[in-house]
Amino acid sequence: MYVSAWHICFHSNVFSKQMKVILPFEDIEEIKKSQHAFINPSITIILRVGAGGQGVPPLASTDGRAKYMFASFWNRNHAHKTLERAVKNFQAMEEAEKELEQWHIADEYSGLLREISFRSLCNNPMCPPDTAMTEWQHSVFTANKSVLVFETVQQAHDVPFGSYFEVHSRWVLETTSESSCTIDIKVGAHFKKWCLMQSKIKTGLLSEYKKDIELMLKVARDYLESSKQVGSIDRNNDETQKNNNSK
């Protein structure tokens with residue numbers, strides 16, 4: 001069984017028979033202790049009505065809720081507590097995402113400010129699976145609205161030496177035509193205290209930030225490309241309709 005920030009996953013391969021299950025936390029309604037074959041302590045995960053996991057079909061149910069039973073735990077009680085804690089962490093992450101501070105006018109300089117809190121995944125073996133984050137954001141347009149400057153300062157709370165450094169980024173988006181723009185992105189680590197792992201921390205966080213940026217830009221490009229295709233189809237349909245009307 002594998003537990004991530006968003007899913008509970010299960011995989012087994014016994015006598016060449018593979019079984020896979022993926023259960024999103026957002027669909028889980030209850031996790032309870034149960035018994036398998038009266039002697040094998042197990043855990044049953046119950047999903048909300050209408051939801052269903054991926055992989056192996058759920059157990060038969062009379063109330064419309066999908067149920068999955070997992071057994072043969074080395075320590076069932078410990079596993080149950082771990083799963084319940086993971087659900088609570090997911091719910092806390094969801095609530096944090098809902099509590100976004102509204103943008104407000106900056107007192108010291110031009111533009112808008114806000115502070116947000118969230119949880120972020122960690123891909124470093126020295127860190128926990130995820131960490132609480134605080135991010136301060138500042139955005140400002142130039143007078144002619146052709147350039148947007150977006151700056152952030154991130155503070156990680158649950159990683160080793162997290163209080164020693166901040167991650168600073170600066171995004172500059174400049175309009176070059178009606179259908180294009182350029183993006184200049186700079187990121188760096190600001191250390192408030194010196195530590196032995198400073199070089200390793202800087203290298204690791206810059207590498208992770210680069211991966212995040214590459215993913216965000218890919219999603220943006222894919223969205224723009226799909227929007228162009230939809231727009232082209234709509235224009236062709238309009239042109240076809242005009243031709244039919246003229247006939």
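In this predicted model, the side chain of Glu-166 makes a polar contact with the side chain of His-168, at 3.0 Å. Glu-166 belongs to strand 12, which covers residues 165-177. With a relative accessibility of 15%, Glu-166 counts as buried, because the cut-off for that class is under 20%. Beyond its neighbours within four places in sequence, Glu-166 is in contact with two groups of residues. One group comprises Val-153, Gln-154 and Gln-155. The other comprises Gly-188, Ala-189, His-190 and Lys-192.

The chain as a whole was examined next. Its secondary structure comes to 2 helices and 13 strands. The radius of gyration is 25 Å, whereas the globule rule gives 18 Å for 247 residues. The chain is therefore more spread out than a compact globule. Along the principal axes, the C-alpha trace spans about 75 × 75 × 35 Å. Buried residues account for 27% of the 247 residues. Of the contacts between residues at least 6 apart in sequence, 39% join residues at least 24 apart.

The largest nonpolar core holds 19 residues. Within this core, the residues with the most contacts are Ile-8, Leu-23, Ile-31, Ile-45 and Leu-47. Two or more residues each come from strand 3 (17-24), strand 4 (28-36), strand 5 (40-47), strand 7 (67-71) and helix 1 (76-98). Helix 1 supplies the largest share, 6 residues. Apart from this core lies another, of 14 residues. Among its members are Ala-156, Val-167, Trp-171 and Ala-189.

Ile-31 illustrates the packing of the 19-residue core. Neighbours within four places in sequence are left aside here. Ile-31 is then in contact with Ile-8, Ile-43, Thr-44 and Ile-45, and also with His-80, Leu-83, Glu-84 and Val-87. Ile-8 and Ile-45 are themselves listed with Ile-31 among the residues with the most contacts inside the core.

Phe-70 lies in strand 7, one of the elements that give two or more residues to the largest core. Its relative accessible area is 6%, and Phe-70 is buried. Under the same exclusion of sequence neighbours within four places, Phe-70 is in contact with Met-1, Phe-10, Val-21 and Leu-23. Ser-42, Ile-43 and Ile-45 complete its contacts. The C-alpha atoms of Phe-70 and Pro-41 are separated by 8.9 Å. These two residues are 29 apart along the chain.

Aromatic rings were then considered. A pair of aromatic rings is described by the distance of the centres and the angle of the planes. The count comes to 4 aromatic pairs. Phe-161 and Tyr-164 form an edge-to-face pair. Their centres are 5.4 Å apart, with 85° between the planes. Phe-161 is partly exposed, at 33% relative accessibility. Tyr-164 is also partly exposed, at 23%. Another pair, Phe-165 with Phe-191, is tilted, with 5.7 Å centre to centre and 40° between the planes. This pair links distant parts of the chain. Phe-165 is in strand 12 and Phe-191 in strand 13 (residues 180-191), 26 residues apart. Both Phe-165 and Phe-191 are buried. Tyr-164 has a further partner: Lys-193 lies over the face of its ring, at 5.2 Å from the ring centre.

Ser-139 is a polar side chain in strand 10 (residues 130-141). Ser-139 is buried, with a relative accessible area of 14%. Residues up to four places away in sequence are not counted in its contacts. Ser-139 touches Trp-103, Gly-111 and Leu-112, as well as Leu-148, Val-149 and Phe-150.

Backbone geometry was inspected in two loops. Ser-16 has a phi near 65°, a positive value in a residue other than glycine. Ser-16 lies in the loop between strand 2 (7-14) and strand 3. At 73% relative accessibility, Ser-16 counts as exposed. Lys-145 likewise has a positive phi, of about 65°, although it is not a glycine. Lys-145 is in the loop between strand 10 and strand 11 (147-156). Lys-145 is exposed, with a relative accessible area of 57%.

Conventions
Residues numbered from 1 in each chain as written. Predicted model: local features only at pLDDT ≥ 70, side-chain atom pairs only at ≥ 80, totals over all residues. Heavy atoms only, no water. Core = buried A, V, L, I, M, F, W, Y, C linked by side-chain atoms within 4.5 Å. Buried < 20%, exposed > 50% of the residue type's maximum accessible area, 1.4 Å probe, protein only. Helix = DSSP H or I, 4+ residues; strand = E, 2+ residues; numbered from the N terminus. Contact = heavy atoms within 4.5 Å. Polar contact = N/O pair within 3.5 Å; in protein donor to acceptor, adjacent residues only side chain to side chain. Phe/Tyr/Trp six-rings, centres within 6.5 Å; stacked < 30°, edge-to-face > 60°. Lys NZ or Arg CZ within 6 Å of the ring centre and 35° of its normal. Rg over C-alpha atoms; globule rule 2.2 N^0.38 Å.
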